[in-house]
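This report covers the charged and nonpolar features of one protein chain, moving from surface patches to salt bridges and then to the overall fold.

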Amino acid sequence: MLARIFYSALQALENTVFPHFPRHFPALAVAAVEEQRHVERSGSWDGLKKAWEDAILWAVPKSRRTLERRHKRMYGSPEYRMKILQPKNNLRICITCGHHHEVGVLCPNCYDRVKTETQKMQEEIQQELGLQPIDKDVVVLYQGEKLQGLPETWQGKRIVELKRPRPAWFSKNLLEKTTQPPATTKEVKPTDLG
């Protein structure tokens, strides 16, 4: 009884403070709590169920959004602004494999192929070298490949031979270190500005 009187007084206060606002915003909530002198410690959920029925939750929407309103939020409405689905103009065809990808993004198909080949290569290196620390450079040779160049260039390196042919798209320079020396300055000067 006391909770109802308090709730009606609170509604009257709301109407005086916010007279012109629509009633669609979440209402203020009051939680009724009864004093209990004897606390029961039974295994049943009766106490929790009773407390849940008496409580009022804060900031709960009064009604569910209808499908029409949800669609208006996603796609807009003809009266105001339509959020029309726009076709993508930034798609390109990969020159290597022919799959479509966005501009500025690696081709996912080519990336997956290189990733799986690299994982296979790493597994075979780990099988051959075991858990020894890698203190020397590793040279990977596919089936039918021979060490090229001067013996001093590959002397002292670990050589791992793979028993399958090199894929046509997996070029040799992917496994080589860069030939350019590191930059000595941090300045970036643009060229050909006219």
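Arg65, Arg73, Arg81 and Lys83 form a positive surface patch. The model is a predicted one. Within the patch, lysine 83 sits in the loop between helix 3 and strand 1. Its class follows from its relative accessibility: lysine 83 is at 37%, so it counts as partly exposed, since that class lies between the limits of 20% for buried and 50% for exposed.

A nonpolar surface patch is also present. Met74, Tyr75 and Leu85 make it, and its area is about 340 Å². Methionine 74 belongs to helix 3, which spans residues 67-75. With a relative accessibility of 48%, methionine 74 is classed as partly exposed.

**Salt bridges**

Side chains of opposite charge can pair when their charged atoms come close. A search of the whole structure gives four salt bridges. The table lists three pairs, including their closest N to O distances.

| Positive residue | Negative residue | N to O distance |
|---|---|---|
| Lysine 88 | Glutamate 102 | 2.8 Å |
| Arginine 164 | Glutamate 117 | 3.1 Å |
| Arginine 164 | Glutamate 124 | 2.5 Å |

In the salt bridge between lysine 88 and glutamate 102, the closest N and O atoms are 2.8 Å apart. This pair links distant parts of the chain, 14 residues apart: lysine 88 is in the loop between helix 3 and strand 1 (91-93), and glutamate 102 is in strand 2 (residues 100-102). Lysine 88 has a relative accessible area of 52% and is therefore exposed, as the limit for that class is over 50%. Glutamate 102, at 30% relative accessibility, counts as partly exposed.

Arginine 164 takes part in a network of salt bridges that links it with Glu117 and Glu124. Its salt bridge with glutamate 117 has closest N and O atoms 3.1 Å apart. That pair spans 47 residues, from glutamate 117 in helix 4 (residues 108-129) to arginine 164 in the segment after strand 4 (158-161). Are arginine 164 and glutamate 117 buried or exposed? Both are buried.

The salt bridge between the side chains of arginine 164 and glutamate 124 has an N to O distance of 2.5 Å. Here too distant parts of the chain are linked, with glutamate 124 in helix 4 and arginine 164 in the segment after strand 4, 40 residues apart. Glutamate 124 has 25% relative accessibility and so counts as partly exposed.

**A buried arginine in strand 4**

Arginine 158 lies in strand 4. Its relative accessible area is 16%, which means that arginine 158 is buried, because the buried class is under 20%. Leaving out residues up to four places away in sequence, arginine 158 touches Leu129, Gln132, Pro133, Ile134, Asp135, Lys136, Asp137, Val138 and Val139.

**Overall fold and surface**

The protein has five helices and four strands. Read from the N terminus, the order of the elements is α-α-α-β-β-α-β-α-β. Of the 194 residues in the protein, 12% are buried. Among contacts between residues at least 6 apart in sequence, 35% join residues at least 24 apart. The protein exposes about 18,200 Å², and 57% of this area is supplied by carbon and sulfur atoms.

Note on methods. Residues numbered from 1 in each chain as written. Predicted model: local features only at pLDDT ≥ 70, side-chain atom pairs only at ≥ 80, totals over all residues. Heavy atoms only, no water. Patch = residues over 30% accessible without salt bridge, like charges linked within 9 Å, V, L, I, M, F, W, Y side chains within 5 Å. Areas by Shrake-Rupley, 256 points an atom, 1.4 Å probe, with all protein chains shown as cover. Helix = DSSP H or I, 4+ residues; strand = E, 2+ residues; numbered from the N terminus. Buried < 20%, exposed > 50% of the residue type's maximum accessible area, 1.4 Å probe, protein only. Lys, Arg positive; Asp, Glu negative; His and termini not counted. Charge placed at Lys NZ, Arg CZ, Asp CG, Glu CD. Contact = heavy atoms within 4.5 Å.
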